[in-house]
Amino acid sequence: MRKPEARTVITFHTTAEAMAAERLFRALELPGKLITVPRKLSSDCGLAWSAPAETGPQAEDALRQRSLGFDGVYAMEL
């Protein structure tokens with residue numbers, strides 16, 4: 001079994017928001033991927049972006065600067 005690692009998880013209200021965020025993060029070459037929302041969290045659309053913990057603040061800033069919607073940002077061990 002692999003050891004859990006520190007991750008930033010960003011949840012979204014809609015699938016459209018999640019897909020827009022994925023396009024943005026790919027364009028900015030930020031590491032991470034769309035995942036199903038962890039059971040500890042809830043999300044309207046069921047999708048979340050998981051990224052290494054150290055890139056979380058950069059990802060959140062990018063969403064805010066472009067006024068892209070999201071639900072929450074969480075630090076988790078996944």
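This is a short tour of the model in your viewer, one selection at a time.

Before you click anything: this is a predicted model, where local features need pLDDT of at least 70 and side-chain atom pairs count only at pLDDT 80 or more, while totals for chains, interfaces and linings use all residues. Residues are numbered from 1 along each chain as its sequence is written, and side-chain values use heavy atoms, with hydrogens and water left out.

**Stop 1: the sheet.** Switch to cartoon and pick out the strands. Helices (H or I, at least four residues) and strands (E, at least two) are DSSP runs, numbered from the N terminus. Four strands make an open sheet, ordered E2-E3-E1-E4, with antiparallel pairing. Edge strands E2 and E4 each pair on one side only; two strands pair if DSSP finds at least two bridges between them. Neighbouring strands in this sheet are turned by 35° against each other on average, direction ignored. Axes here are lines fitted to C-alpha atoms, for helices over the stretch in contact, and angles run from 0 to 180 degrees between N-to-C directions.

Now select residues 6-11, which is strand E1; six bridges join E1 to E4, and the two run antiparallel. For one of these pairings, show Ala6, whose bridge partner in E4 is Glu77.

**Stop 2: helix H1.** Select 15-27, the residues of H1. This helix lies across E1, E2 and E3, at about 25° to E3. Its 13 residues should span 18 Å at 1.5 Å a residue, and the end C-alpha atoms are indeed 18 Å apart; the expected span is 1.5 Å times one less than the number of residues.

Which residues of H1 are buried? Colour Glu17, Ala18, Ala20, Ala21, Leu24 and Phe25. Buried means under 20% relative accessible area, exposed over 50%, and partly exposed in between (1.4 Å probe, protein chains only). Look down the axis of H1: the buried residues fall within an arc of 165°, so they line one face of the helix. That arc is taken from the directions from the helix axis to the C-beta atoms. Their cover includes E1, E2, E3 and H2. Flip to the other side of H1 and you'll find Ala16, Arg23 and Ala27 exposed.

**Stop 3: two loop residues.** Just follow H1 onward to Glu29, in the loop before strand E2 (33-36). Glu29 has a positive phi of about 60° although it is not a glycine, and is exposed at 71% relative accessibility. Then jump to Ser67, in the loop between helix H2 (56-65) and strand E4 (72-77). Ser67, another non-glycine, has a positive phi near 55°. Its relative accessible area is 66%, so Ser67 counts as exposed.

**Stop 4: Ser50.** Select Ser50 in strand E3 (residues 47-52). Is Ser50 buried or exposed? Ser50 is buried, at 3% relative accessible area. Show side chains, and a polar contact of 3.0 Å appears between Ser50 and Arg7. (A polar contact is a pair of N or O atoms within 3.5 Å; within protein, one must be able to donate a hydrogen and the other to accept it, and residues adjacent in sequence count only if both atoms are side-chain atoms.) Leaving out residues up to four places away in sequence, Ser50 touches Arg7, Thr8, Gly32, Lys33, Ile35 and Leu78, where contact means heavy atoms within 4.5 Å.

**Last stop: Pro38.** Go to the loop between E2 and E3 and select Pro38. Pro38 is buried, with 13% relative accessible area. Beyond residues up to four places away in sequence, Pro38 touches Val9, Met76 and Leu78. Try a C-alpha to C-alpha distance from Pro38 to Met76: 9.6 Å, with the two 38 residues apart in sequence.
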